[in-house]
Amino acid sequence: MSRYKALLSVYSQDRVGLISQVTGHLFDRGANLGDTTFAILGKGGEFTSILEIPGDLSEQDLMDGLHSVSGLEDAKIDIKRFSIRNSETPPKEITHRIKCEGEDQPGLLARLSEVFINFDSNIVRLKSDQMETPSGNRFITRFSVNIPKERADNCLAALGNTAEGLGQSLSFEAVKR
(Lines give C-alpha, C1' and ligand atoms only; values in the text may rest on other atoms or scores of the structure.)
Protein backbone atom coordinates (compact mmCIF):
# COMPACT_ATOMS: atom_id res chain seq x y z
CA MET A 1 0.00 0.00 0.00
CA SER A 2 1.33 3.41 -0.90
CA ARG A 3 1.74 6.07 1.75
CA TYR A 4 2.41 9.79 1.68
CA LYS A 5 3.94 12.23 4.16
CA ALA A 6 2.04 15.15 5.59
CA LEU A 7 2.39 17.76 8.29
CA LEU A 8 -0.51 17.77 10.77
CA SER A 9 -1.31 20.72 13.00
CA VAL A 10 -4.16 20.64 15.52
CA TYR A 11 -4.86 23.71 17.66
CA SER A 12 -7.73 23.53 20.13
CA GLN A 13 -8.72 24.38 23.65
CA ASP A 14 -6.37 22.43 25.92
CA ARG A 15 -7.79 19.71 28.12
CA VAL A 16 -6.78 16.45 29.73
CA GLY A 17 -6.75 13.63 27.17
CA LEU A 18 -6.25 15.80 24.08
CA ILE A 19 -3.06 14.04 22.94
CA SER A 20 -4.56 10.61 23.58
CA GLN A 21 -7.67 11.43 21.53
CA VAL A 22 -5.70 12.79 18.57
CA THR A 23 -3.12 9.99 18.49
CA GLY A 24 -5.78 7.31 19.03
CA HIS A 25 -7.78 8.58 16.06
CA LEU A 26 -4.65 8.72 13.88
CA PHE A 27 -3.75 5.14 14.87
CA ASP A 28 -7.28 3.94 14.08
CA ARG A 29 -7.01 5.48 10.60
CA GLY A 30 -3.64 3.80 9.92
CA ALA A 31 -1.46 6.90 10.16
CA ASN A 32 2.09 6.53 11.52
CA LEU A 33 3.47 9.37 13.62
CA GLY A 34 6.99 10.67 13.06
CA ASP A 35 8.53 13.65 14.84
CA THR A 36 5.81 15.09 17.08
CA THR A 37 5.47 18.06 19.44
CA PHE A 38 2.80 19.38 21.77
CA ALA A 39 2.78 22.75 23.49
CA ILE A 40 0.40 24.95 25.40
CA LEU A 41 0.10 28.16 23.39
CA GLY A 42 -2.05 30.83 24.98
CA LYS A 43 -5.24 29.15 26.19
CA GLY A 44 -4.98 26.34 23.67
CA GLY A 45 -2.83 23.36 22.92
CA GLU A 46 -1.03 22.71 19.65
CA PHE A 47 -0.25 19.19 18.49
CA THR A 48 2.06 18.98 15.48
CA SER A 49 3.33 15.82 13.82
CA ILE A 50 4.92 14.49 10.66
CA LEU A 51 2.63 11.68 9.51
CA GLU A 52 2.82 8.79 7.09
CA ILE A 53 -0.73 8.38 5.82
CA PRO A 54 -2.19 5.48 3.81
CA GLY A 55 -2.49 6.50 0.15
CA ASP A 56 -6.22 5.73 0.07
CA LEU A 57 -6.94 8.20 2.94
CA SER A 58 -7.27 11.81 1.79
CA GLU A 59 -6.23 14.78 3.88
CA GLN A 60 -9.84 15.98 3.90
CA ASP A 61 -11.15 12.63 5.18
CA LEU A 62 -8.55 12.63 7.95
CA MET A 63 -9.39 16.24 8.91
CA ASP A 64 -13.13 15.47 8.90
CA GLY A 65 -12.48 12.46 11.13
CA LEU A 66 -10.44 14.52 13.58
CA HIS A 67 -13.20 17.17 13.69
CA SER A 68 -15.63 14.39 14.70
CA VAL A 69 -13.58 13.59 17.81
CA SER A 70 -15.28 14.92 20.94
CA GLY A 71 -13.86 18.33 21.82
CA LEU A 72 -12.22 18.89 18.41
CA GLU A 73 -15.32 20.15 16.60
CA ASP A 74 -14.04 23.76 16.69
CA ALA A 75 -10.34 22.92 16.47
CA LYS A 76 -8.11 24.46 13.80
CA ILE A 77 -6.85 21.39 11.94
CA ASP A 78 -4.49 21.54 8.98
CA ILE A 79 -2.91 18.69 7.01
CA LYS A 80 -0.48 19.40 4.19
CA ARG A 81 1.31 16.85 2.01
CA PHE A 82 4.99 17.52 1.56
CA SER A 83 8.24 16.11 0.37
CA ILE A 84 11.62 17.42 1.36
CA ARG A 85 14.47 16.50 -0.92
CA ASN A 86 17.32 14.61 0.62
CA SER A 87 20.01 17.09 1.52
CA GLU A 88 22.39 17.76 4.34
CA THR A 89 20.67 19.22 7.39
CA PRO A 90 22.17 21.07 10.37
CA PRO A 91 23.07 18.97 13.44
CA LYS A 92 20.11 18.31 15.72
CA GLU A 93 21.90 16.87 18.74
CA ILE A 94 21.30 19.28 21.63
CA THR A 95 24.55 20.54 23.18
CA HIS A 96 23.18 23.43 25.29
CA ARG A 97 19.96 24.53 26.96
CA ILE A 98 19.63 28.29 27.25
CA LYS A 99 17.08 30.46 29.07
CA CYS A 100 16.58 34.19 28.50
CA GLU A 101 14.16 36.12 30.66
CA GLY A 102 13.19 39.76 30.86
CA GLU A 103 10.84 42.49 29.80
CA ASP A 104 9.11 41.84 26.48
CA GLN A 105 9.90 44.09 23.53
CA PRO A 106 9.46 44.04 19.74
CA GLY A 107 12.17 42.10 17.89
CA LEU A 108 13.47 40.34 20.98
CA LEU A 109 13.33 36.82 19.59
CA ALA A 110 14.72 37.93 16.23
CA ARG A 111 17.78 39.58 17.83
CA LEU A 112 18.50 36.62 20.12
CA SER A 113 18.13 34.00 17.40
CA GLU A 114 20.38 35.93 14.99
CA VAL A 115 23.36 35.36 17.28
CA PHE A 116 23.32 31.62 16.58
CA ILE A 117 23.79 32.18 12.83
CA ASN A 118 27.20 33.82 13.36
CA PHE A 119 28.47 30.72 15.17
CA ASP A 120 27.04 28.01 12.85
CA SER A 121 24.71 26.98 15.66
CA ASN A 122 21.36 25.31 15.09
CA ILE A 123 18.24 25.94 17.18
CA VAL A 124 16.72 22.48 17.66
CA ARG A 125 13.82 23.51 19.90
CA LEU A 126 12.44 26.85 21.00
CA LYS A 127 9.74 27.69 23.53
CA SER A 128 8.72 31.20 24.49
CA ASP A 129 6.21 32.19 27.13
CA GLN A 130 4.79 35.60 27.87
CA MET A 131 3.72 36.27 31.45
CA GLU A 132 1.80 39.28 32.70
CA THR A 133 3.25 40.81 35.86
CA PRO A 134 2.38 44.00 37.77
CA SER A 135 5.42 45.69 36.19
CA GLY A 136 4.61 44.62 32.62
CA ASN A 137 4.96 41.59 30.39
CA ARG A 138 7.87 39.22 30.98
CA PHE A 139 9.17 37.10 28.15
CA ILE A 140 10.84 33.77 28.88
CA THR A 141 12.56 31.99 26.01
CA ARG A 142 14.12 28.55 26.20
CA PHE A 143 16.44 27.44 23.43
CA SER A 144 17.74 23.89 22.95
CA VAL A 145 20.63 24.31 20.53
CA ASN A 146 23.52 22.60 18.83
CA ILE A 147 26.64 24.76 19.12
CA PRO A 148 29.90 23.46 17.61
CA LYS A 149 32.21 22.68 20.52
CA GLU A 150 35.02 24.95 19.31
CA ARG A 151 32.61 27.91 19.01
CA ALA A 152 30.52 27.39 22.16
CA ASP A 153 32.32 29.82 24.50
CA ASN A 154 32.27 32.67 21.96
CA CYS A 155 28.66 31.98 20.97
CA LEU A 156 27.46 31.99 24.57
CA ALA A 157 29.42 35.18 25.32
CA ALA A 158 27.91 36.94 22.30
CA LEU A 159 24.45 35.72 23.25
CA GLY A 160 24.99 36.99 26.80
CA ASN A 161 26.02 40.43 25.49
CA THR A 162 23.01 40.57 23.19
CA ALA A 163 20.64 39.45 25.95
CA GLU A 164 22.05 42.03 28.37
CA GLY A 165 21.65 44.77 25.77
CA LEU A 166 17.99 43.75 25.43
CA GLY A 167 17.43 43.78 29.20
CA GLN A 168 17.35 39.99 29.45
CA SER A 169 19.01 37.71 31.97
CA LEU A 170 20.69 34.67 30.47
CA SER A 171 21.43 31.27 31.93
CA PHE A 172 22.62 28.11 30.19
CA GLU A 173 23.85 24.62 30.76
CA ALA A 174 25.85 22.26 28.60
CA VAL A 175 24.13 18.96 27.93
CA LYS A 176 26.20 16.03 29.14
CA ARG A 177 26.76 13.35 26.57
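Let's start with helix α3, residues 108-117. In this predicted model, helix α3 lies across four strands: β5, β6, β7 and β8. Its direction runs at about 20° to that of β7, which spans residues 136-146.

Now the second helix on this sheet. That is α4, residues 152-165. Helix α4 packs on the sheet and touches β5 and β8. The direction of α4 makes about 160° with that of β8.

Next, the sheet itself. In what order do the four strands sit? The order is β6-β7-β5-β8. The sheet is open, and the pairing is antiparallel. Which strands are at the edges? They are β6, residues 122-133, and β8, residues 168-174. Each of these pairs on one side only. As for twist, neighbouring strands are turned by 15° against each other on average, direction ignored.

Let me zoom in on one pairing. Strand β5 covers residues 96-103. Seven bridges join β5 to β8, and the two run antiparallel. Take glutamate 101 as an example. Its bridge partner in β8 is serine 169. A reminder on the chemistry: strands of a sheet pair through backbone hydrogen bonds, either parallel or antiparallel.

Back to helix α4 for one residue. Glutamate 164 is found in this helix. Is glutamate 164 buried or exposed? Its relative accessible area is 60%, and the cut-off for exposed is over 50%. Glutamate 164 is therefore exposed. One distance to go with that. Glutamate 150 and glutamate 164 are 14 residues apart along the chain. Their C-alpha atoms are separated by 23 Å.

How values were computed:
Residues numbered from 1 in each chain as written. Predicted model: local features only at pLDDT ≥ 70, side-chain atom pairs only at ≥ 80, totals over all residues. Heavy atoms only, no water. Pairing = 2+ DSSP bridges. Axes fitted to C-alpha atoms, helices over the stretch in contact; angles between N-to-C directions. Contact = heavy atoms within 4.5 Å. Buried < 20%, exposed > 50% of the residue type's maximum accessible area, 1.4 Å probe, protein only.
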